[in-house]
Structures are given as C-alpha cells and as structure tokens.
Amino acid sequence: MPNCHGAGGLAAQHRLGARHGASVVFLGVAKVLLAVFFGKSALTLLDALPMAVLGVMLSIAGMELTSTGFTLLVKQVKEDADASFFSSDSLEITKEEEEQRKKQHNQLFVETLRKKTVVAVITASVIVALEIGLERRDEKEKRRRRGRILG
C-alpha cells in the first residue's frame, strides 16, 4: 500500500472508479491543459471550491486508505495465526479436539487482531497529532515573519 503524499489521491481516484494507469495519465493531461489554456483564471476557479467539498474528498480518500489498511491487517493476522497454530501436524485427532483447536485458533486470531489494531490506531493518532503540531508551528512562524515585515 503506498504511504506517501500521493496515496490519498490514488485512493480517492480508485474509490471513485479509476482502475487503470490511463486514468492517472488522463488526469495529468487534463491538469496540464487546464494550466496552459486557462492559467491564473483556473486558479481562481479552483480557489472558488468550497472547503466542504475538499473535506468530503479528503474523507473519501481517508476511508479508502483505512479500509485497505484494515483489510491488509486482517489478512496478515489470519496468515500469522494459521501459520503458528497449524504448524504442528496431528495425524489422529478426534472431532472434539478439532473443535477445541478451532476455538483456540479463533481466540488467537481475535486477540492478535485487537493488539495490532490498537498499535495501528495509536500510530495513526500520533502521526496526525504531529502533523497538526507542525502545521500550527508553521502558521505561528508565518505570522511572526509577517509581523516583522509589517512592523
């Protein structure tokens, strides 16, 4: 799963129907044509987009990345649980023993999934908090610089 500045844009494009590399090329060509033919008036048009629209677009991208991340997490935990639990080969087991093993396997799966989900949520929360903190610091620095220029 991509984890960079472009990941949200790719996730939103995929969520809204883009399934091939041609969609990215099409978007790039459309942006270049918009810039070449409309220049500054295109910026005015883009600035006119309400923040709520951008918020919805960001939410769609976030939901897509979250669902993909969670799906990959479940898949990995299931593979790990299967590998660790079914590694011992028992030739002769009774039906009751098999049921008991399945219960233990499910408990192991759920417990591991909970732990890894907590780690993922805490990691995401710390990243968001740091980003917000850095944004605020940058805004304060810009205000301080403007104060020097004006003063």
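Biologist: What is the mean pLDDT of the protein?
Modeller: This is a predicted model, so to speak of local features we need pLDDT of at least 70, side-chain atom pairs count only at pLDDT 80 or more, and totals for chains, interfaces and linings use all residues. Residues are numbered from 1 along each chain as its sequence is written, and side-chain values use heavy atoms, with hydrogens and water left out. The score pLDDT is the predictor's confidence in each residue, from 0 to 100. In this protein 88% of residues reach 70 or more, and the mean is 82.

Biologist: How many helices and strands does the protein have?
Modeller: Helices (H or I, at least four residues) and strands (E, at least two) are DSSP runs, numbered from the N terminus. Read from that end, the elements run α-α-α-α. The total comes to four helices and zero strands.

Biologist: In which helix is confidence lowest?
Modeller: Confidence is highest in α4, with a mean of 86. At the other end of the scale, with a mean of 72, stands helix α1 (residues 7–15).

Biologist: What percentage of the residues count as buried?
Modeller: Buried means under 20% relative accessible area, exposed over 50%, and partly exposed in between (1.4 Å probe, protein chains only). Of the 151 residues of the protein, the share that counts as buried is 9%.

Biologist: Which helix gives the largest share of the largest nonpolar core?
Modeller: A nonpolar core is a set of buried Ala, Val, Leu, Ile, Met, Phe, Trp, Tyr and Cys residues joined through side-chain atoms within 4.5 Å. Here the largest one has five residues: Leu73, Val77, Ala81, Phe109 and Leu113. Both α3 and α4 (95–150) supply at least two of them. The largest share, three residues, comes from α3.

Biologist: Which residues is Phe109 in contact with, beyond its neighbours within four places in sequence?
Modeller: Contact means heavy atoms within 4.5 Å. Two of this residue's partners, Val77 and Ala81, also belong to the largest nonpolar core. Its full set is Val74, Val77, Lys78 and Ala81.

Biologist: Is Glu64 buried or exposed?
Modeller: Glu64 sits in helix α3. Leaving aside neighbours within four places in sequence, Glu64 is in contact with Ala11, His14 and Arg15. Because its relative accessibility is 14%, Glu64 counts as buried.

Biologist: How far apart in space are Gly62 and Ala12, C-alpha to C-alpha?
Modeller: Gly62 also lies in helix α3 (residues 51–85), and at 30% relative accessibility Gly62 counts as partly exposed. In sequence, Gly62 and Ala12 are 50 residues apart. In space, their C-alpha atoms are separated by 8.1 Å.

Biologist: On which residue is the kink in α2 centred?
Modeller: The expected span of a helix is 1.5 Å times one less than its number of residues. A straight helix of 27 residues would span 39 Å, but α2 (residues 21–47) spans only 28 Å between its end C-alpha atoms. The bend at a residue is the angle between axes fitted to the seven residues ending there and the seven starting there. In α2 there is a kink of about 115°, centred on Phe38.

Biologist: How many residues of α2 are buried?
Modeller: Helix α2 has 27 residues and lies largely in the open. That is because, of those residues, the number buried is one.
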